[in-house]
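Trainee: I am new to this structure and would like a close look at a single part of it. Please take one helix and walk me through it, then place it among its surroundings.

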Amino acid sequence: MADWLLAACLCGVAAAGAAIALWVALAPTTPELSTVVDRLQRRTGASTIELAPESRLDRVGAWVQSHAGAVPRIGVPDADLDLLGVSSARFHAHKLLWALAGLASPTLVVAWSALIGLPISWTSPVLLGLALAVAGWFLPHLLVRRRAAATRQRFARTITAYIDLVVLERLSGASLAAAIIEPAEVCDAPLFIRIRQAVTRHQLERRPPWVALRGLASDVDLPDLTELADTLELSGVKGAPMADQLKARAADIRNAWLHRDVEAAGAASQRQVATTGLLLLCFLVFVGAPALLRLVAG
């Protein structure tokens, strides 16, 4: 087979695989109502809420999840997925897509080498494809952890606004339950939505609202929310004053984030100086190397 024909076949296979992956990922479907109801009724105390697949991508991910028991893998980050609102099926679908992308990427290298007339042994693309497939399989874990860490940072910054609103509600004479619920309804920030949902669920179960805050703090790994729940519990059970304590806690959180921002800005400035110095050094080497070589040769 001619080299150009082999390259054309490989490019065609790669293009067909990419087209199929995009069709699976983007083609919308309508979920069945009975499936949604069954999933919601069979929901247990797991931290990740499993919703009915809404697309072909979710169905593919559910199939991968059910058949991935024999594949070496890191544990599924259920807490991070629940924090991001991503289903486990969608997470496994992304793992499959990244693995297929890594497996197919050496095809482009083989096609390009065939076009320029550079022979490559078949073992090199195969080994490279397997290595990239393994890396692609584990890449979503890293991406989910980074996104979850960024979300937790946003939650930690938002908690100060919620604490201030709780204090204002209590100072205005609102009951403790109202002081917990009403501030969560003032906006649609992600943390406020999570607090509103948790408190509403615990109200239906006839449990104190600070229990909902403590459970949410455990789910999203937010110690400041745990301290708020403990303070509200002391105020609700023993009648302890909480306004001054919560104000001081909110000020401490703001000061801590201010120091972190200052340190991050200093680190960014240092990286910028180092990068500028490296570019200047490369420029000096590029300009002075010819003169230095002529001096040494002479």
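Mentor: Let us take helix α10, and begin with what follows it. Just after α10, Asp221 takes a positive phi of about 60 degrees. Keep in mind that this is a predicted model. The mean pLDDT of the protein is 75, with 72% of its residues at 70 or more.

Helix α10 itself runs over residues 209-220, which makes 12 residues. From its first C-alpha to its last it reaches 17 Å, close to the 16 Å expected at 1.5 Å a residue.

Next, the side chains. Pro209, Trp210, Ala212, Leu213, Leu216, Ala217 and Val220 are the buried residues of α10. They cover an arc of only 150 degrees around the axis, which puts them on the same side of α10. The general background is that an α-helix has 3.6 residues a turn, so residues three or four places apart point the same way.

Asp219 also has its place in helix α10. Asp219 counts as partly exposed because its relative accessibility is 36%, and the limits for that class are 20% and 50%. In sequence, Asp219 and Ala79 are 140 residues apart, yet in space their C-alpha atoms are 6.5 Å apart.

Helix α9 can be read in the same manner. It spans residues 190-204 and has 15 residues. Its reach from first C-alpha to last is 21 Å, close to the expected 21 Å at 1.5 Å a residue. Buried in α9 are Leu191, Phe192, Arg194, Ile195, Ala198, Val199 and His202. Seen down the axis of α9, these buried residues fall within an arc of 160 degrees, so they line one face of the helix. Pro190 and Leu204, on the other side of α9, are exposed. Just after α9 comes Arg206, with a positive phi of about 60 degrees.

Two further points concern other parts of the chain. An unreviewed UniProt entry lists residues 6-26, 96-120, 126-144 and 278-297 under "transmembrane region". In the model, the span 126-144 is 100% helix and 0% strand, and its end C-alpha atoms lie 28 Å apart. Residues 42-53 call for caution: pLDDT stays under 50 there. For that stretch the model has 19 contacts beyond four places in sequence.

To return to α10: the helix has its buried residues on the same side, and Asp219 is partly exposed.

Methods:
Residues are numbered from 1 along each chain as its sequence is written. This is a predicted model: local features need pLDDT of at least 70, side-chain atom pairs count only at pLDDT 80 or more; totals for chains, interfaces and linings use all residues. Side-chain values use heavy atoms; hydrogens and water are left out. Helices (H or I, at least four residues) and strands (E, at least two) are DSSP runs, numbered from the N terminus. The expected span of a helix is 1.5 Å times one less than its number of residues. Buried means under 20% relative accessible area, exposed over 50%, partly exposed in between (1.4 Å probe, protein chains only). The arc is that of the directions from the helix axis to the C-beta atoms. UniProt positions are given in the numbering used here, feature names are shortened, and annotations may be inferred rather than shown by experiment. pLDDT is the predictor's confidence in each residue, from 0 to 100. Contact means heavy atoms within 4.5 Å.
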